[in-house]
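Welcome to a short set of exercises. Keep the model open beside you, try each task, and then compare your steps with the worked solution.

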Amino acid sequence: MRKKIVAGNWKMNLTVNEGLVLIEELKKEVSSGIMADELIVFPPYIHLTAMVENAQNEILVGAQNCHQEENGAFTGEVSAHMLAASNIGHVLIGHSERRAYFNETNDLLAKKVEVALNASLTVVYCCGETLPEREENRHFEIIKSQLTEGLFHLTAEQMANVVIAYEPVWAIGTGKTASADQAQEVHAFIRKLVYDAYSTSIAQGVSILYGGSCNPTNANELFSKPDVDGGLIGGASLKAIDFIQIANAY
Ligand code: PEP
């Protein structure tokens, strides 16, 4: 059975103290039981060690990015190995904001994925089309190239440590959610691509999360779809009550 995962991308939000308060609130809820198998938060780099110490493995902690090289003269950057050495278990790769504002291409992301897996991190690899791409009915083609060029160079063994997040760019932070049927259609397409590139067991084992204005009101319908294994949540992950409601929306 693949894992049900709810993950929160804090982006560039919350001070360290605000983050610690949120972690405490989440821990209280997790200790009384949630429906998701895993709850992961992705705080800004500077908060990672404080959050991982306080989360005590009840909540998993990941980074929002890592550099594509193992080490070296890359001022301001953080390597996958440094994250792993600080007990960070997950990393987001290919978020649409990184693709759009930091010019991250599929080729670059392929390197990041490789270096992260070599450091024993679990990768949450994001894909998704923009509004013009959806309107031109090119979303399947775009997602296929994001996965083929950024992810499918991995071995089957490496793929076991990858989670895929489908995040239509037009739904991120806009309050516009993909309908549950639209999400299911793309998730089933992604699972078929994984099957074609690997095998039935890899395709059935990979968790595929939906992201894009997911909230306590729409999570239930989205998560009821057979190929939607959870969510990558932005805005609604900053409030414990909303995030926990989403983690219970199965
Ligand atoms: C995201 O940035 O990954 C995201 C899904 O954001 P939001 O939930 O705010 O749309």
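Helices (H or I, at least four residues) and strands (E, at least two) are DSSP runs, numbered from the N terminus. The model is a predicted one, in which local features need pLDDT of at least 70, side-chain atom pairs count only at pLDDT 80 or more, and totals for chains, interfaces and linings use all residues. Residues are numbered from 1 along each chain as its sequence is written, and side-chain values use heavy atoms, with hydrogens and water left out.

**Exercise 1. The end of helix 2**

Task: Find the residue just after helix 2 that takes a positive phi, and place it between its neighbouring elements.

Solution.
- Step 1. Go to the end of helix 2: just after it, Q56 has a positive phi of about 45°.
- Step 2. Check the residue type: Q56 is not a glycine, although its phi is positive.
- Step 3. Place the residue: Q56 belongs to the loop between helix 2 (48-55) and strand 3 (60-63).
- Step 4. Look for another such case: N87, also a residue other than glycine, has a positive phi near 65°. The loop that holds N87 runs between helix 3 (80-85) and strand 4 (90-93).
- Step 5. Add the accessibility: N87 is exposed at 61% relative accessible area, where exposed means over 50%, buried under 20% and partly exposed in between (1.4 Å probe, protein chains only).

**Exercise 2. The buried side of helix 2**

Task: Which residues of helix 2 are buried, and what do they pack against?

Solution.
- Step 1. List the buried residues: L48, A50, M51 and A55.
- Step 2. Look down the axis: these residues cover an arc of only 165°, which puts them on the same side of helix 2. The arc is that of the directions from the helix axis to the C-beta atoms.
- Step 3. Recall the geometry: an α-helix has 3.6 residues a turn, so residues three or four places apart point the same way.
- Step 4. Name the partners: the buried residues of helix 2 pack against helix 1, strand 3 and helix 3, with contact meaning heavy atoms within 4.5 Å.
- Step 5. Compare T49, which also lies in helix 2: T49 is partly exposed, at 42% relative accessibility. Its C-alpha atom is 8.0 Å from that of I88, 39 residues apart along the chain.

**Exercise 3. The buried face of helix 12**

Task: Which residues of helix 12 are buried, and which elements are among those that cover them?

Solution.
- Step 1. In helix 12 (residues 240-247), pick out A240, F243, I244, I246 and A247 as buried.
- Step 2. Look along the axis: the buried residues fall within an arc of 155°, so they line one face of helix 12.
- Step 3. Find the cover: it includes strand 1 (5-9), helix 1 (16-31), strand 2 (38-42), helix 11 (219-223) and strand 8 (230-233).

**Exercise 4. Q158 and its partners**

Task: Is Q158 buried or exposed, and which residues does it touch?

Solution.
- Step 1. Locate Q158 in helix 8 (residues 156-159).
- Step 2. Read its accessibility: Q158 is buried, at 16%.
- Step 3. Leave out residues up to four places away in sequence; Q158 then touches E114, L117 and N118.
- Step 4. Look at L117: its C-alpha lies 6.9 Å from that of Q158, with the two positions 41 residues apart in sequence numbering.
- Step 5. Find the polar contact (a pair of N or O atoms within 3.5 Å; within protein, one must be able to donate a hydrogen and the other to accept it, and residues adjacent in sequence count only if both atoms are side-chain atoms). The side chains of Q158 and E114 make one at 3.2 Å.
- Step 6. Add the backbone: the nitrogen of T155 is 3.0 Å from a polar side-chain atom of Q158.

**Exercise 5. Around the ligand**

Task: Which residues come nearest to the ligand, and how much of its accessible area does the protein cover?

Solution.
- Step 1. Of the 14 residues around the ligand (a heavy atom within 4 Å), the nearest are K11, E167, G173, S213 and G234.
- Step 2. Sort the shell: four residues are nonpolar, eight polar and two charged. Here Ala, Val, Leu, Ile, Met, Phe, Trp, Tyr, Cys and Pro count as nonpolar, Asp, Glu, Lys and Arg as charged, and the others, Gly among them, as polar.
- Step 3. Turn to the backbone: a polar backbone atom of S213 is 2.8 Å from a ligand oxygen atom, and a backbone N or O atom of G234 is also 2.8 Å from a ligand oxygen atom.
- Step 4. Finish with the cover: the protein covers 95% of the 300 Å² of accessible area that the ligand has on its own (Shrake-Rupley method, 1.4 Å probe; for residues, only the protein chains shown count as cover).
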